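This report takes a reader new to the structure through one pocket and one helix. The sequence and the structure come next, and the description follows them.

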Amino acid sequence: MKKRRLKKFCLSGFLLVMFAAWTVLVRFIDVQPIAPNDSQVGFASLNIFIHRLTGINMFLYDLTDFLGLIPIGFAFYFAIWGLLQLVKRKSIFKVDRNIILLGLFYVALFAVFLLFELYPINYRPLLIEGNLEASYPSSTTMLVVFVMLTASMQLKVRLNNSLMQKTASVLIYVFTAFMVVARLISGVHWFTDIVGGLLFSLGLAVMYSALTLKK
């Protein structure tokens with residue numbers, strides 16, 4: 001078990017370091033004014049090539065925005081679960097450790113989102129309702145990947161039926177993959193935004209998995 005946990009920590013560290021390195025590269029490599037209002041975007045040649053392949057699909061953009069309510073619903077569900085435990089057990093130290101950790105990771109995810117909103121790396125390929133919006137990393141990708149993967153971990157613990165566990169996991173993985181791919185081909189993000197969101201959210205999810213492994 002210790003070796004398994006160590007491997008997860010190493011993988012998590014690798015993914016988060018890759019995210020940091022990727023962010024620096026996006027900030028400084030092949031930066032060109034390819035976004036609206038001539039705003040600068042890194043890896044411009046790669047990003048514009050993929051963007052021309054996908055084009056812009058506002059239906060997928062609206063759909064993924066709407067379906068983004070699902071991970072938000074899961075996050076609220078586990079937050080309420082923890083709150084009910086706190087009220088019932090009358091001590092935060094008696095709340096399930098994995099629920100407390102999940103709440104802390106939610107806070108970390110939101111903090112990173114807020115950081116990149118305040119200090120944008122680049123902007124979307126199009127104006128949203130006439131506004132230039134921060135694009136890196138893809139917040140939808142971060143939200144969906146982290147919340148849904150950790151939800152799968154929670155359901156494996158809380159569902160007693162193995163068939164229900166497997167079914168829930170498959171549905172979650174399919175939904176998560178669909179959301180990431182659909183967000184990319186909707187054309188509202190650059191390719192590098194999706195990669196950044198994936199690296200960070202996967203790094204957090206693997207770290208959460210390592211911290212919640214049973215001894």
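## The second largest pocket and helix α2

In this predicted model, the residues that line the second largest pocket divide into 12 nonpolar and 1 polar, with no charged residue among them. The volume of this second largest pocket is about 300 Å³, and of the 13 residues that line it, those closest to its centre are Tyr 106, Leu 109, Phe 110, Leu 143 and Val 147. Three elements, α4 (69-89), α5 (97-118) and α6 (139-158), each give two or more residues to this lining, and α5 gives the most, with 5 residues.

The second region is helix α2, which spans residues 44-54. Which of its residues are buried, and which are exposed on the face turned away from the buried side? The table sets the two groups side by side.

| Group in α2 | Residues |
|---|---|
| Buried | Ala 44, Asn 47, Ile 50, His 51 |
| Exposed, on the face turned away from the buried side | Phe 49, Arg 52, Leu 53 |

The buried residues are Ala 44, Asn 47, Ile 50 and His 51. Seen down the axis of α2, these buried residues fall within an arc of 140 degrees, so they line one face of the helix. What covers the buried residues of α2 includes α8 (191-211), whereas the face turned away from the buried side carries the exposed residues Phe 49, Arg 52 and Leu 53. Just after α2 comes Gly 55, which takes a positive phi of about 70 degrees.

Note on methods:
Residues are numbered from 1 along each chain as its sequence is written. This is a predicted model: local features need pLDDT of at least 70, side-chain atom pairs count only at pLDDT 80 or more; totals for chains, interfaces and linings use all residues. Side-chain values use heavy atoms; hydrogens and water are left out. Buried means under 20% relative accessible area, exposed over 50%, partly exposed in between (1.4 Å probe, protein chains only). Helices (H or I, at least four residues) and strands (E, at least two) are DSSP runs, numbered from the N terminus. The arc is that of the directions from the helix axis to the C-beta atoms. Contact means heavy atoms within 4.5 Å. On a 1 Å grid over the protein atoms alone, a cavity is a set of points where a 1.4 Å probe fits but cannot get out, and a pocket is an open set with protein on both sides within 12 Å along at least five of seven lines; lining residues have an atom within 4 Å of a point. Grid points are joined across faces, edges and corners, and a volume is the space filled by probe spheres set on the points. Ala, Val, Leu, Ile, Met, Phe, Trp, Tyr, Cys and Pro count as nonpolar, Asp, Glu, Lys and Arg as charged, and the others, Gly among them, as polar.
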